[in-house]
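User: I am new to this structure and would like a close look at a single part of it. Please take one residue, describe its setting with care, and then connect it to the rest of the chain.

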Amino acid sequence: MPKEKQLQQLQSIENKVRQLLNRHTDAQQKLAAAQEEIKMLESQLQEREQQIKNFQNQENIVKIVDAIAGNTANSTELKLKLNEYIREIDKCIAYLRD
């Protein structure tokens, strides 16, 4: 086999290896970006789940108040007081998250 042909084959192999390395680097970068996005989405999901739990707790409290208070004049005052407590608890939770 002539040296010139061997040199061409060697250069062809070298070019293919470079292309593979470039593809590998690109794939690694895409994977890292995808992993970061997954982490961000998981964090957002946890926040949304916590918000849903908070809303469900507030709804349950309102139902309890309605059941206990009935239609008496004290029910409005009791609801207002409970809403105030709920807002304070939400502030505490938000403070603890930070």
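Analyst: Asparagine 54 belongs to helix α1, which covers residues 3-69, and this description rests on a predicted model. Asparagine 54 counts as buried because its relative accessible area is 15%, which falls under the 20% limit for that class. Once the neighbours within four places in sequence are set aside, asparagine 54 is in contact with Asp90, Ile93 and Arg97. The helix called α2 spans residues 74-97, and the chain as a whole has two helices and zero strands. Buried residues such as this one make up 5% of the 98 residues in the chain.

Elsewhere in helix α1 one finds valine 17, which is partly exposed because its relative accessibility is 41%, a value between the limits of 20% and 50%. Together with Ile13 and Leu21, Val17 forms a nonpolar patch on the surface, and the three residues have about 280 Å² of accessible area together. For the chain as a whole, the exposed area is about 9,100 Å², of which carbon and sulfur atoms supply 56%.

Charged side chains add another part to the picture, since the structure holds two salt bridges. One of them joins the side chains of arginine 18 and glutamate 14, with a distance of 2.5 Å from N to O. These two residues are four places apart in helix α1, so about one helical turn separates arginine 18 from glutamate 14. Both partners have accessible surface: arginine 18 counts as partly exposed because its relative accessibility is 45%, and glutamate 14 is likewise partly exposed, with a relative accessible area of 37%.

A salt bridge is also found between the side chains of glutamate 88 and lysine 91, where the distance from N to O is 3.8 Å. Glutamate 88 and lysine 91 both lie in helix α2, three residues apart, which is about one turn of the helix. Glutamate 88 is partly exposed, with a relative accessibility of 41%, whereas lysine 91 counts as exposed because its value of 53% is over the 50% limit.

To return to the residue chosen at the start, asparagine 54 is buried at 15% relative accessible area, and its contacts beyond the sequence neighbours are with Asp90, Ile93 and Arg97.

Note on methods
Residues numbered from 1 in each chain as written. Predicted model: local features only at pLDDT ≥ 70, side-chain atom pairs only at ≥ 80, totals over all residues. Heavy atoms only, no water. Buried < 20%, exposed > 50% of the residue type's maximum accessible area, 1.4 Å probe, protein only. Contact = heavy atoms within 4.5 Å. Patch = residues over 30% accessible without salt bridge, like charges linked within 9 Å, V, L, I, M, F, W, Y side chains within 5 Å. Areas by Shrake-Rupley, 256 points an atom, 1.4 Å probe, with all protein chains shown as cover. Salt bridge = Lys/Arg side-chain N within 4 Å of Asp/Glu carboxyl O.
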